[in-house]
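Take a look at the fold below. The report after it covers confidence, helices, rings and buried positions.

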Amino acid sequence: MKDSRESLVEKLLIANYEKYYRLAFSYVHNEADALDIVQEGAYKAMLKWETLEHEAYAGSWIYRIMLNEIFSMLRKQSRTGITITTMDQLEEEPAEEPFDSLPLREALERLSPRDKALIELRYFEDMKLEEIAEALNENLSTVKSRLYRCLQKLKLSMEE
C-alpha cells in the first residue's frame with residue numbers, strides 16, 4: 001500500500017510534468033537535455049519521497065529537486081564547454097513562446113541562473129513567494145528582496 005506522500009509526489013509529477021519541462025528548457029535550450037533533467041528529477045523525487053517532511057510543501061520540494069538538476073546540468077556544461085545540438089535542432093523553427101522574441105527573453109538570459117529561477121517561478125509558474133522560498137531553500141524576506149533586485153536588473157537591462 002502506497003504512503004500518502006508517495007502518491008502525492010507521483011500525482012504532482014504527472015500533473016506538472018510540462019511545467020518542469022518548460023522550466024528546464026528555458027535554461028538549457030535543448031529538448032534532450034530538458035527531458036533528461038525532468039526524468040532525473042522525477043526519478044530522484046520518487047526515490048526520496050520519504051524525505052518529504054510536510055505534504056503541504058510537496059510542490060516546492062519537487063521544484064527544488066528540478067532546480068538542483070538544472071543547476072547541475074549547467075555546471076557540467078560550463079565545465080566541458082559543450083552543449084549538444086543535433087542537426088534536427090538546427091533545422092527546426094524556434095519554439096513559439098509568447099515572449100520569445102521580446103527584449104524580456106534576452107534580459108532574462110543575462111540574469112544569473114538563480115535570479116532567473118526566481119523570476120520564472122514567480123511570474124511564469126505563478127508560484128507564491130512562500131512556495132518560492134521553500135523551493136529555493138531561502139528565507140521569505142530574502143526571496144522578496146532578491147525578487148525586487150532582479151526586477152530592477154531586468155528593467156535596467158531592457159532599457160539598454
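What follows is a short tour of selected helices and side chains.

**Confidence**

This is a predicted model. The protein averages a pLDDT of 82. At least 70 is the score for 84% of the residues. Confidence varies by element. Helix α3 (residues 31-47) has the highest mean pLDDT, 93. Helix α5 (residues 87-91) has the lowest, 36. Residues 83-99 have a pLDDT below 50. That stretch still makes 14 contacts in the model beyond near neighbours in sequence.

**Helix α1**

Helix α1 spans residues 4-15, twelve in number. From first C-alpha to last, α1 reaches 16 Å, close to the 16 Å expected at 1.5 Å a residue. Which residues of α1 are buried? They are E6, V9 and L13. Viewed down the axis of α1, the buried residues fall within an arc of 65°, so they line one face of the helix. The face turned away from that buried side carries K11, I14 and A15, which are exposed.

**Two buried positions in helix α3**

A42 lies in helix α3. So does I37. Both count as buried: A42 has 18% relative accessibility, and I37 has 2%. The cut-off for buried is under 20%.

A42 relates to helix α1 in two ways. Not counting residues up to four places away in sequence, A42 touches L13 and M66. L13 is one of the buried residues of α1. V9, also buried in α1, sits 9.0 Å from A42, C-alpha to C-alpha. V9 and A42 are 33 residues apart in sequence.

I37 has its own set of partners. With residues up to four places away left out, I37 touches A24, V28, M66, E69, I70 and M73. M66 is thus a contact of I37 and also of A42. The C-alpha atoms of I37 and Y20 are separated by 8.8 Å. Along the chain, I37 and Y20 are 17 residues apart.

The table sets out the two C-alpha pairs.

| Pair | Separation in sequence | C-alpha distance |
|---|---|---|
| A42 and V9 | 33 residues | 9.0 Å |
| I37 and Y20 | 17 residues | 8.8 Å |

**Rings and charges**

How many aromatic pairs does a search of the whole structure find? It finds three. One pair is Y27 with F71. Their rings are edge-to-face, 6.1 Å centre to centre, with 85° between the planes. The pair links distant parts of the chain: Y27 is in helix α2 (residues 17-28) and F71 in helix α4 (residues 58-80), 44 residues apart. Both Y27 and F71 are buried.

Y27 also meets a charge. The charged end of K116 sits over the ring of Y27, 4.5 Å from its centre. Elsewhere, R122 lies over the face of Y123, 5.7 Å from the ring centre.

**E120 in helix α7**

E120 belongs to helix α7 (residues 113-124). Is E120 buried or exposed? E120 is buried, because its relative accessible area is 4%, against a cut-off of under 20%. Setting aside neighbours within four places in sequence, E120 is in contact with L23, S26, Y27, R105 and E125.

Y27 therefore brings several threads together: the ring pairs with F71, lies under the charged end of K116, and Y27 is among the contacts of E120.

Terms used
Residues numbered from 1 in each chain as written. Predicted model: local features only at pLDDT ≥ 70, side-chain atom pairs only at ≥ 80, totals over all residues. Heavy atoms only, no water. Helix = DSSP H or I, 4+ residues; strand = E, 2+ residues; numbered from the N terminus. Expected span 1.5 Å × (residues − 1). Buried < 20%, exposed > 50% of the residue type's maximum accessible area, 1.4 Å probe, protein only. Arc of directions from axis to C-beta. Phe/Tyr/Trp six-rings, centres within 6.5 Å; stacked < 30°, edge-to-face > 60°. Lys NZ or Arg CZ within 6 Å of the ring centre and 35° of its normal. Contact = heavy atoms within 4.5 Å. pLDDT = per-residue confidence, 0-100.
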